[in-house]
Amino acid sequence: MNKNMLEKYAEVIVKVGLNLQEGQRLFIAAGLNTAPLIREVTAKAYQNGAPLVTVLWDDEELKKIRHQYAPRDSFEEFPEWVARGILENAERGDAYLSVTGLDPDLLAGFDPELIALELKTRAKHYKPALNLISNGGVQWTVVCPPTPKWAAKIFPDLSEEEAEEKLWGVMEKLCRLDYDDPVTAWQQHLSDLSKRHDYLNKMQFETLHFRGPGTDLKVGMPKDHIWKGGSGKTQGGVDFTANLPTEEVFSMPHKDRVEGTVHSTKPLNYFGNLIEDFSLTFEKGRVVDFSAKKGEETLRKMLESDENAKQLGEVALVPYYSPISESGLIFFNTLYDENAACHLALGSAYRINIKDGVKMSDEELDAAGVNDSLIHVDFMIGSDKVDIDGITPDGSVIPLMKKGAWAFEV
């Protein structure tokens, strides 16, 4: 990692990811292991006219220490002021940046029931803030810069220092930091994604049919669903890019109209626990059966997070031949792996993915097929062996992807 790359990365985060407005405050939630990047982002934010940048620091090792030594009956404890502060900042209009680089094996071997309880407690407290942020209340962005333990998981034959340096080299390309003008490169890429979701919105497919090894799944789509991808807009009309990097176009499934079986194509890192080689079978929108070669108990606890955790909240299309996929790496990190493959998400849907969703009552959203849950967990189902067809209301079948590549031009 060098200072020039950090400066480019920070500029992309502030100008493309957050599109921070002059006079707008910025709230950052970050791990201590990402401090060099946070300093650069903070500098860029102030240079961009931010009157205040606030950082809430976390340390992944403290999470492990809690699971080692905390009383077993204490995992419903939570510092309410943290979630309340994030909500208050979002209500005031502060942009939100989440910066993580979690060790994929952080909680390997710990009690999955306590991990699930901790995550459920956290999700319950964060839900009001995350609902406001993720449904267009303010600009928000998630980034995952390389960190030593994460890099060592990807490149186990190297020392942590060598692995981290190598991962920075990979990420430079994936985040388009190797361009002389990364901001312009990102604007062109986001324009291309916009053309894809414009086509899908025009077609208004009734069903998406996924077929591949271990997968034969029909995903029903709600009436007036909206595809998005690349950049989005706040309810106030400000552009932003929620994920850096991003290669996806995404929408919401109808929560009660998913049928068939889907098999994962990449591991899922669920807050420091890996779930690998797993399958889910759906009937009337709900998971009715599942299995996993590794992490099955963690998967079970995730599905039991609440009543609607077994239903889908997102469907996303990503070409197999994206830069992330072509790296040939498994990142053990959802932000990167989900942008290497088509994916689904268990749990809550985004209201922005249906017409007038941000104005609907909870009852209206439920009637329209919009799922609501404490969790939103992406898992990867795409590969160069997966085909996807769109089925129109009149029964016409239109190829969307063949062997992982786009099957339509824009």
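**View A. Lys-149 and its partner Glu-160.** We start at Lys-149, which is partly exposed, with a relative accessible area of 35%. As in every view here, the model is predicted. Glu-160 is partly exposed as well, at 37% relative accessible area. The two side chains form a salt bridge, and their closest N and O atoms lie 3.7 Å apart. Glu-160 belongs to helix 7 (residues 160–174) and Lys-149 to helix 6 (residues 148–154), so this pair ties together parts that are 11 residues apart in sequence.

**View B. A salt bridge between Arg-211 and Asp-389.** Here the side chains of Arg-211 and Asp-389 meet, with an N to O distance of 2.5 Å. The pair links distant parts of the chain, 178 residues apart: Arg-211 sits in strand 5 (residues 207–212) and Asp-389 in strand 19 (residues 387–391). Buried or partly exposed: what does Arg-211 count as? With 28% relative accessibility, Arg-211 counts as partly exposed. Asp-389, at 8%, counts as buried. Elsewhere, Lys-3, Glu-7 and Glu-40 are joined into one network by salt bridges that share partners.

**View C. Glu-118 and Lys-63, a buried pair.** Side chains of opposite charge can pair when their charged atoms come close. In this view, Glu-118 and Lys-63 form a salt bridge, with 3.4 Å between the closest N and O atoms. Distant parts of the chain are linked in this way, since Glu-118 is in helix 5 and Lys-63 in helix 3, 55 residues apart. Why does Glu-118 count as buried? Its relative accessibility is 12%, and the cut-off for buried is under 20%. Lys-63 is buried too, with a relative accessible area of 19%. Across the model, the count of salt bridges comes to 19.

**View D. A nonpolar patch on the surface.** Leu-62, Ile-65 and Tyr-69 make up this patch, and together they have about 350 Å² of accessible area. Ile-65 is placed in helix 3 (residues 60–69). At 40% relative accessibility, Ile-65 counts as partly exposed.

**View E. The open parallel sheet.** Strands of a sheet pair through backbone hydrogen bonds, either parallel or antiparallel. In what order do the 5 strands of this open sheet stand? The order is 2-1-3-4-10, and the pairing is parallel. Strand 2 (53–58) and strand 10 (243–244) stand at the edges; each has a single partner strand, so one side of each is left without a neighbour in the sheet.

**View F. Strands 1 and 2 with helix 2.** Moving in on one part of the sheet, we find strand 1 (residues 26–31) paired with strand 2 in the parallel sense over 6 bridges. Ile-28 has Val-55 in strand 2 as its bridge partner, while Ala-30 has Trp-57 in strand 2. Together with helix 2 (residues 35–47), strand 1 and strand 2 make a right-handed β-α-β unit.

**View G. Helix 9 and what surrounds its buried residues.** Which residues of helix 9 (residues 296–303) are buried? They are Thr-298, Leu-299, Lys-301, Met-302 and Leu-303. The buried residues of helix 9 pack against one helix and several strands, namely helix 5 (112–137), strand 13 (268–269), strand 14 (274–283), strand 15 (286–294), strand 17 (343–347) and strand 18 (376–380). Readers coming from View C will recognise helix 5 as the helix that holds Glu-118.

Note on methods. Residues numbered from 1 in each chain as written. Predicted model: local features only at pLDDT ≥ 70, side-chain atom pairs only at ≥ 80, totals over all residues. Heavy atoms only, no water. Patch = residues over 30% accessible without salt bridge, like charges linked within 9 Å, V, L, I, M, F, W, Y side chains within 5 Å. Areas by Shrake-Rupley, 256 points an atom, 1.4 Å probe, with all protein chains shown as cover. Salt bridge = Lys/Arg side-chain N within 4 Å of Asp/Glu carboxyl O. Helix = DSSP H or I, 4+ residues; strand = E, 2+ residues; numbered from the N terminus. Buried < 20%, exposed > 50% of the residue type's maximum accessible area, 1.4 Å probe, protein only. Contact = heavy atoms within 4.5 Å. Pairing = 2+ DSSP bridges. Right-handed = clockwise from strand over helix to strand, strands pointing away.
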